[in-house]
Amino acid sequence: MSNESNIFDRLVAVEARYEELNGLLSDPDVITDTERFKKLSKEEASLRETVHEYGRYKEVLEGIKETEEMIFEGDLDAEMDELAKAELSELTAEREQLEEKLKMLLLPKDENDERDIIMEIRGAAGGDEAQLFARDLFEMYSKYADSQGWKVDVMDANSSGVGGFKEVIFSISGDNVYAKLKFENGAHRVQRVPETESQGRIHTSTATVVVMPEAEDVEIDIDQNDIRTDIYHASGAGGQHVNKTASAVRLTHEPTGIVVAMQDERSQLKNREKAMKVLRSRIYDKINSEKQAELDAERRSAVGTGDRSERIRTYNFPQSRVTDHRINLTIQQLDNILGGELDPIVDELVIWEQTEKLEQLNRDQ
């Protein structure tokens, strides 16, 4: 194993921590402390596979040592010698596979990967066509979420007169949502002939996507005195009032300048709850982004933390192709992708990120 001593030391430390966690989880004082028990259980679960694979790795190393000694001693008949050499070959191949797997398991994990997300999609350059594309992206992510068994909850939507979205904010909850959708941050570009284009000319439009890990109440300590609350009448397309009571809520977090407005619900209380949920996640996202900026000053950032103004993907209708510019991946399955079959892109982005992290791990050692 390259850097074997360093990696071996880390595996020993992981195994020791795993054993310590198992001891703590059987401690009555820990069991009665719900929050601590939950936190330690999560950590134990995150180390379980690494410890299991490390256990098998040690068994394989011992098997290789014993088999090599048998062959070296020369006491075997021809048939047994051949069997021993075949077994040694199999064990050596398994050792190499385990080494690669353990390297991947030791990669630094994104603490947000298991979180639910809040996603915001906005029509950007291109007028009506950009807003229609924003709806296409919303439907794409909704279908992908459904295929993963996730739940989508629209928090606020500002529809356009042509049936698109000026802006839509929604949450997606389920298993490892952020791990798969964190790569969607950025500007998405569409190239197609709009329905209103009589000359058949291809137009280029863009929509922006923001993906934020959902923050827990206990993680973001927001002083309510720092929040300015404005209440106003919700309005529909064209500015006409659709609610006679003042139910729309706008929250401004004065220290950061972050503003969230909600008017989707008829209840002022529900709009405020949703606005607080988004505000909390935006503040959490801002803190994480600032931390990442500090790391980026020292090293190249992973694909999932790129600049949101960057054009990350193009959806070309005439050629029925989707191109992810970060990894130079082109797929000739535009209809399938827009139909929610995102795994071919997501899987490649996950591999790309893991490769980046592995290279960084090797540089740091």
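Between which domains does the largest pocket lie? In this predicted model, the lining of the largest pocket draws residues from both domain 1 (1–106) and domain 2 (117–215 + 305–364), and the pocket therefore lies between the two.

The space in this largest pocket comes to about 1,700 Å³, and of the 38 residues that line it, Lys42, Asp110, Glu111, Asp113 and Glu114 are the closest to its centre. Four helices, namely α3 (34–73), α4 (78–105), α6 (177–181) and α9 (343–364), are the elements that give two or more residues to the lining, and the largest share, 10 residues, comes from α3. Sorted by class, the lining of the largest pocket is made up of 21 charged, 13 nonpolar and 4 polar residues.

The reader may now turn from the pocket to a sheet. Here 3 strands form an open sheet in the order β6-β7-β8, and their pairing is antiparallel. The edges of this sheet are held by β6 (227–232) and β8 (258–262), and because each of them has a single partner strand, one side of β6 and one side of β8 are left without a neighbour in the sheet. From one strand to the next, the twist averages 15 degrees.

The pairing of β6 with β7 can be followed in further detail. Strand β7 covers residues 248–253 and runs antiparallel to β6, to which it is joined by 6 bridges; at the level of single residues, Ile231 has Val249 in β7 as its bridge partner.

Technical notes:
Residues numbered from 1 in each chain as written. Predicted model: local features only at pLDDT ≥ 70, side-chain atom pairs only at ≥ 80, totals over all residues. Heavy atoms only, no water. 1 Å grid on protein atoms, 1.4 Å probe; cavity = no way out; pocket = protein on both sides within 12 Å on 5 of 7 lines; lining within 4 Å. Points joined across faces, edges and corners; volume = space filled by probe spheres on them. Nonpolar A, V, L, I, M, F, W, Y, C, P; charged D, E, K, R; others polar. Domains from an automatic or database assignment. Pairing = 2+ DSSP bridges. Axes fitted to C-alpha atoms, helices over the stretch in contact; angles between N-to-C directions.
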